[in-house]
Amino acid sequence: MLGSDCIAAAFQGQLGSFRLDVEFSAPLRGVTALFGPSGCGKTTILRCLAGLRKMPGRLSVAGQTWQDDATNVFLRPHQRSVGYVFQEPSLFRHLSVRDNLMYGSLRSSRAGSRPIVEFSEVVELMGLAALLDRSPSALSGGERQRVAVGRALLAQPQLLLMDEPLAGLDQVAKEEILPYIEILHEKLSVPVLYVSHDLREVARLADLMIVLSAGRKVCGGPVQEILERLDLDPSDGDFEAGVILEARVSGHDPEYCMTRLDHHGQRIVIPGIDLAVGEYVRLRIRARDVALAVAKPAAISVRNILAGGVLDIAQNSDTAFAEVLVDVGGGRLRARITRDALQDLGLSVGNPVFALIKSISFDRPAIGRVERDVSGQQTGHP
């Protein structure tokens, strides 16, 4: 990416016993996730981007230099057009929701920022109309975080930084706010740097991901491509490796509360979702939820049987497991099976196989909406 067309950053420095040494770029649209375990440097990078921490390096946003040690340039936080959403909402308790939002507008007017979003638009996008006269103390955790996001947007930022905004929420609250973050992705052109150690969030929300470990960049690229690499395991648990498939809603079965999807001519059945026929979804499918068969099984409870071929196999003699990458036509699946099963099935690259996925493995956090225009081209996730 060229400097004028992206966010280009490089930071190198020591913080006690921790050393940060990273260089990366991110596009000026969409969601780029900084992903990795706790202590790998994600939040430190975000604070450097916001100017809240100064470390040796350089940073440019859309061709504008925010930091360059070689020319002694360093913009202070108030000089940077940044919206920051912390793990804790940090709302002003003595102000109403409306006044908390107006504080963001006040910041932007002082900075002379060109409006990218209006107050009424933020209220609508974040579903805040019924909350405007409430006190933050009267809101749920998810509602407070939605207000915090709205306030950050009303600062009219060139860059929105989100530091594990769902980390302090229970699963119900996470499910409440995730669709709103997806809407931001679809409706606004503000680039988002999203910090997370939860692969489900990254798979559902992000376009690109930068994988970090011990203060260094391990790799970066489109989320789908990173998740399909068998030489990497960008996970926070032994069994969380997986991939993303996109599919189109082809029908609903209200009697059994199921939704039918079409993935390049192959059917996938998932628990019912509230999307119209023709809309697209992205599915997060964990490797541990995929079984393999060399012949198409019959009289089986598993509803999803996808025909494909083996693309790659990775195994380690120190573990019981093997990772198998399967091309299912228009997409790829990872299957984590035992090395014993791999040998018993006689699998090798090029073999035809059937991938089996239980419908109940598609829990709601694993399903995200994809925005497309009338021609079928993506307008949200690339």
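Helices (H or I, at least four residues) and strands (E, at least two) are DSSP runs, numbered from the N terminus. On that basis the chain has eight helices and 21 strands, and leucine 227 falls in helix α7, which spans residues 223-228. The structure is a predicted model, in which local features need pLDDT of at least 70, side-chain atom pairs count only at pLDDT 80 or more, and totals for chains, interfaces and linings use all residues. Residues are numbered from 1 along each chain as its sequence is written, and side-chain values use heavy atoms, with hydrogens and water left out.

The overall dimensions come before the details. For 382 residues, a compact globule would have a radius of gyration near 21 Å, and the 22 Å of this chain agrees with that. The radius of gyration is taken over C-alpha atoms, and the globule rule is 2.2 Å times the number of residues to the power 0.38. Along the principal axes, the C-alpha atoms fill a box of roughly 65 × 50 × 40 Å. The exposed surface of the chain is about 17,400 Å², of which carbon and sulfur atoms supply 49%; accessible areas come from the Shrake-Rupley method with a 1.4 Å probe, and for residues only the protein chains shown count as cover. Buried residues make up 50% of the 382, where buried means under 20% relative accessible area, exposed over 50%, and partly exposed in between (1.4 Å probe, protein chains only). Among contacts with a separation of 6 or more, 67% are between residues 24 or more positions apart, a contact being heavy atoms within 4.5 Å.

Helix α1 covers residues 42-50 and is mostly covered, with seven of its nine residues buried. The buried residues of α1 are Lys42, Thr44, Ile45, Leu46, Cys48, Leu49 and Ala50. Glycine 51 follows α1 and has a positive phi near 85°.

Further along the chain there is a hairpin. Strand β10 (residues 208-213) pairs with strand β11 (residues 216-222) in the antiparallel sense over six bridges; two strands pair if DSSP finds at least two bridges between them. One of the bridges sets isoleucine 210 against glycine 220 in β11. Two residues lie between the strands of this hairpin, and alanine 214 takes a positive phi near 50° there.

Leucine 227, in helix α7, counts as buried at 1% relative accessibility. Its C-alpha atom is separated by 8.7 Å from that of arginine 334, although the two residues are 107 residues apart along the chain.

Next come two sheets. One is an open sheet of five strands with antiparallel pairing, in the order β14-β13-β12-β15-β21. Because β14 (266-271) and β21 (367-370) each have a single partner strand, they stand at the edges, and one side of each is left without a neighbour in the sheet. From one strand to the next, the twist averages 40°; axes are lines fitted to C-alpha atoms, for helices over the stretch in contact, and angles run from 0 to 180 degrees between N-to-C directions.

Within this sheet, β13 and β14 run antiparallel and are joined by six bridges. Arginine 260 stands opposite valine 269 in β14. Threonine 259 lies in β13, which spans residues 258-263. Threonine 259 is buried, and its relative accessible area is 0%. Leaving aside residues up to four places away in sequence, threonine 259 touches Val249, Gly251, His252, Ile268, Val269, Ile270, Pro271, Gly272 and Ile273. Its side chain reaches the backbone nitrogen of isoleucine 273 at 3.0 Å.

The other sheet is also open, with five antiparallel strands in the order β16-β20-β17-β18-β19. Its edge strands are β16 (290-293) and β19 (332-338), each with a single partner strand, so one side of each has no neighbour in the sheet. Neighbouring strands here are turned by 45° against each other on average, direction ignored.

Strand β18 (residues 321-327) runs antiparallel to β19, and seven bridges join them. Valine 326 has leucine 333 of β19 as its bridge partner. Arginine 336 also lies in β19 and is buried, with a relative accessible area of 16%. The side chains of arginine 336 and glutamate 323 are joined by a polar contact of 2.4 Å. A polar contact is a pair of N or O atoms within 3.5 Å; within protein, one must be able to donate a hydrogen and the other to accept it, and residues adjacent in sequence count only if both atoms are side-chain atoms.
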